[in-house]
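Trainee: Could you take me through a close look at the salt bridges in this model, one part at a time?

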Amino acid sequence: MKKCIAFLLMMVFSLTTFSYALFVPIETQEVAAITAVIRPATPKMKYIPIIPPPPIKETLPVEAKFSVSDDEIALIALLTMAEAGCECEEGQRLVIDTVLNRVDDPHFPDNIYDVVYQRNQYAGIQSPYIDRCWVKDELVQLVREEIENRTNYDVIFFRTRRYSDYGVPMFQIEHHYFSSYD
């Protein structure tokens, strides 16, 4: 996690219009070997110029309509944990599909963040439910798999105990009743 935060900070600093060098302590010989110019500042610190990192593939294509970042994948996995953490794998996949299908549907926002946090849509993303959830690696993998090949392209709504008041009822998987849009 610390490496990710450090990487993100380096990206932010490298994208600014300023060309200042960061003060970074030298901990290994590998870091010193990467830099071509090192000017000593103090006996304990050395100047290291900002070296842009190599390009990293951070997004995956989804139906050529939008891309999904690692943060968005984690958000969908967290939502899935909150909404269907105790459901079977098929039920979890269908919950993931509701998010992806809504992004594709013109009746809903066109990005994952806005779909997940749209008012009165996913109760599991609200406190106190979300406070008991975490991003599981298994769910992240399910999200990635659903992005590449969805289980169902029609599910838009789901609900427990009964079908949603919106949409056309489709089927029930364990405790969830799934519906498509009209």
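**A network of salt bridges**

Mentor: In this predicted model, a network of salt bridges links Glu 89, Arg 93, Glu 145 and Glu 146. The structure as a whole holds 6 salt bridges, and a good place to begin is the pair made by the side chains of Arg 93 and Glu 145, which meet with N to O at 2.4 Å. This pair links distant parts of the chain, since Arg 93 belongs to helix H4 (residues 89-104) and Glu 145 to helix H6 (residues 137-148), 52 residues apart. As for their surroundings, Arg 93 has a relative accessible area of 14%, and because buried means under 20%, Arg 93 counts as buried. Glu 145, with a relative accessible area of 31%, is partly exposed.

Arg 93 also forms a salt bridge with Glu 146, where the closest N and O atoms are 2.7 Å apart. Glu 146 lies in helix H6 and Arg 93 in helix H4, so this pair ties together parts that are 53 residues apart in sequence. Here both partners, Glu 146 and Arg 93, are buried.

Turning to another pair, Asp 104 forms a salt bridge with Arg 150, and their closest N and O atoms are 2.8 Å apart. Asp 104 lies in helix H4, while Arg 150 sits in the loop between H6 and strand S6 (155-160), so the two tie together parts that are 46 residues apart in sequence. Asp 104 counts as partly exposed at 24% relative accessibility, whereas Arg 150, at 5%, counts as buried.

Conventions
Residues are numbered from 1 along each chain as its sequence is written. This is a predicted model: local features need pLDDT of at least 70, side-chain atom pairs count only at pLDDT 80 or more; totals for chains, interfaces and linings use all residues. Side-chain values use heavy atoms; hydrogens and water are left out. A salt bridge is a side-chain nitrogen of Lys or Arg within 4 Å of a carboxyl oxygen of Asp or Glu. Helices (H or I, at least four residues) and strands (E, at least two) are DSSP runs, numbered from the N terminus. Buried means under 20% relative accessible area, exposed over 50%, partly exposed in between (1.4 Å probe, protein chains only).
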